[in-house]
Amino acid sequence: LRKIFKTVIQDHEKSAADIPPGSHGFPVIGETLQFMLSVNSGKGFYEFVRSRRIRYGSCFRTSLFGEAHVFLSTTESARAVLNNESGMFTKRYIKSIAALVGDRSLLCASQHHHKILRSHFINLFSKKSTALMVRNFDELVVDALSGWEHRGTVVLLTDLLQITFKAMCKMLISLENEEELDSLQRDVGFVCEAMLAFPLNLPWTRFHKGIMARGRVMEVLEKTIRERRNETSSHNNNNHHEDFLQQLLAVDSDGSASSSDHSTKLTDAEIKDNILTMIIAGQDTTASALTWMVKYLGENQKEEQTRIAKQASDKPFLELDDLTEMTYASKMVKESLRMASVVPWFPRVVLQDCEMEGYKINKGCNINIDARSIHLDPNVYSEPHKFNPSRFDEEAKANSFLPFGMGGRTCLGLNMAKAMMVVFLHRFITTYRWEVVDGDPSIEKWTLFARLKSGYPIRVSRRL
Ligand code: HEM
């Protein structure tokens with residue numbers, strides 16, 4: 001009798017364990033309200049995930065905005081989902097996001113279309129363009145920093161958003177006119193804000209503002225493309241542009257091997273959508289990561305800064321090769337990226353019923369790889385809340401360092417972003433000492449990436 005009883009209990013436990021633990025919350029709205037509360041609490045939207053991860057473990061379910069979601073936070077599930085060797089996972093097509101960044105954007109294209117697009121864009125992120133970015137970014141940073149000591153308080157994030165925006169626009173379309181940059185930055189900002197808004201396209205909504213702004217961004221890009229074509233056809237080589245747009249249009253027009261195959265030629269719409277996508281993907285992420293890095297550095301000032309200063313270059317201009325010698329700065333960048341987890345989780349959708357972490361997950365369910373939990377898991381990184389760049393003296397464990405994602409959707413700009421961070425770190429530390437004006441750790445409410453609400457205001461004084 002005991003044996004039968006035990007089997008029944010085991011069966012019951014097994015079927016209870018079939019679906020991931022968690023709560024579906026209220027009918028229809030699920031746990032959306034709790035999610036919103038966490039967004040508004042100042043702790044940021046990640047707090048919603050963090051508290052459930054503590055309560056339920058490394059795999060839990062919830063329901064947000066009318067859809068079932070599962071969050072997973074082990075390196076093994078990260079490998080399975082992000083590397084996607086089984087072909088069972090994809091990104092969900094979100095109509096409102098596609099309306100803003102364009103449905104030919106890398107962020108919205110179908111699996112097949114994404115592969116084709118990515119094969120075009122990946123060529124742009126060569127060593128040569130990273131080297132060019134290093135030179136340009138260095139110039140921008142030196143120029144921006146030169147005025148900081150006369151400014152009283154500098155809201156770091158605001159300045160960094162401007163610097164990274166300029167860097168992106170120079171790299172993509174060689175735009176350097178201050179006025180045009182300002183108005184484009186404002187419009188891209190509206191597009192980003194609308195990505196988080198309720199997708200209601202009525203004249204007074206945030207979503208509508210974003211759609212209108214997208215229209216203006218597209219006009220700027222159309223005009224730029226038109227001017228380029230005119231320059232090329234009139235053989236006006238005075239304006240030689242070393243940017244992504246030039247490379248994309250060259251493939252388009254020179255009849256080379258890749259362009260002879262019409263099925264792989266990029267259309268103007270694909271070029272425009274993805275230029276906007278790259279601005280969005282590169283500006284906010286890098287500026288946020290840089291702000292977090294300065295914060296961690298400020299909290300660990302003396303020791304870390306001395307080590308950086310020791311490896312500092314005294315050259316007036318930095319080159320890519322100089323960065324490879326700054327090994328400690330590179331580790332500091334990696335450690336900042338780990339601790340900040342600027343993109344905290346990666347959303348995917350399951351294409352067929354499957355099992356993850358011993359739980360059944362149904363076709364159509366949203367699954368999210370919770371990179372931030374992996375980055376802060378004491379079984380993966382010892383003393384995870386301690387800022388310790390030297391932990392990267394050794395390779396990180398497999399599938400555990402995920403600030404740029406992994407697999408077929410890995411960040412295309414990762415080498416560029418890391419290089420930009422080393423450049424800024426080097427220039428900032430060797431130019432200034434600083435004190436924090438407002439150390440409030442609250443997180444900004446409605447942003448795509450985790451950012452400090454205060455923008456991290458600092459006061460700087462020149463290092464003698
Ligand atoms: C510190 C800065 C950055 C961070 C933390 C970051 C992070 C990420 C992450 C996590 C993804 C993948 C998301 C996923 O798998 O769902 C991604 C994608 C992407 N990133 Fe970055 N990124 C940064 C800077 C940049 C820069 C400078 C560029 C240059 C334009 C860039 C371009 C892209 C593009 C184009 C994608 C889409 C790739 C695809 O879907 O195939 N990123 N980024």
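These legends describe close-up views of a predicted model. Local features need pLDDT of at least 70, and side-chain atom pairs count only at pLDDT 80 or more, while totals for chains, interfaces and linings use all residues. Residues are numbered from 1 along each chain as its sequence is written.

**View 1. The shell around the ligand.** The ligand has 22 residues around it (C-beta atom, placed from the backbone, within 6 Å). Gly282, Thr285, Gly405, Cys411 and Gly413 come nearest. Helix 13 (268-299) and helix 18 (414-431) are the elements that give two or more residues to this shell. Helices (H or I, at least four residues) and strands (E, at least two) are DSSP runs, numbered from the N terminus. Helix 13 provides the largest share, seven residues. By class, the shell holds 14 nonpolar, six polar and two charged residues. Here Ala, Val, Leu, Ile, Met, Phe, Trp, Tyr, Cys and Pro count as nonpolar, Asp, Glu, Lys and Arg as charged, and the others, Gly among them, as polar.

**View 2. Helix 7 and its buried side.** Helix 7 covers residues 127-145. Its 19 residues should span 27 Å (1.5 Å times one less than the number of residues). The end C-alpha atoms are 26 Å apart, which agrees. Met133, Val134, Phe137, Asp138, Val141 and Leu145 are buried (20 or more other C-beta atoms, placed from the backbone, within 10 Å; exposed is 12 or fewer, partly exposed in between). They lie on the same side of helix 7, because they cover an arc of only 135° (directions from the helix axis to the C-beta atoms). Lys128 and Asp143 are exposed on the other side. The buried residues pack against helix 8 (156-173), helix 15 (320-325) and helix 18 (contact: C-beta atoms, placed from the backbone, within 7 Å).

**View 3. The five-stranded sheet.** This open sheet has the strand order 1-2-8-5-3, with mixed pairing (at least two DSSP bridges between two strands). Strand 1 (59-64) and strand 3 (89-90) stand at the edges. Each has a single partner strand, so one side of each lacks a neighbour in the sheet. Strand 2 (residues 67-72) and strand 8 (residues 366-370) run parallel, joined by four bridges. Phenylalanine 71 stands opposite asparagine 368 in strand 8.

**View 4. Two loop residues with positive phi.** Valine 28 sits in the loop between helix 1 (2-16) and helix 2 (32-40). Its phi is near 65°. Valine 28 counts as exposed, with 9 C-beta neighbours inside 10 Å. Serine 341 lies between helix 16 (327-340) and strand 5 (345-350). Its phi is about 40°, although serine 341 is not a glycine. Serine 341 is buried, with 22 other C-beta atoms within 10 Å.

Technical notes
Two residues are in contact if their C-beta atoms, placed from the backbone, lie within 7 Å.
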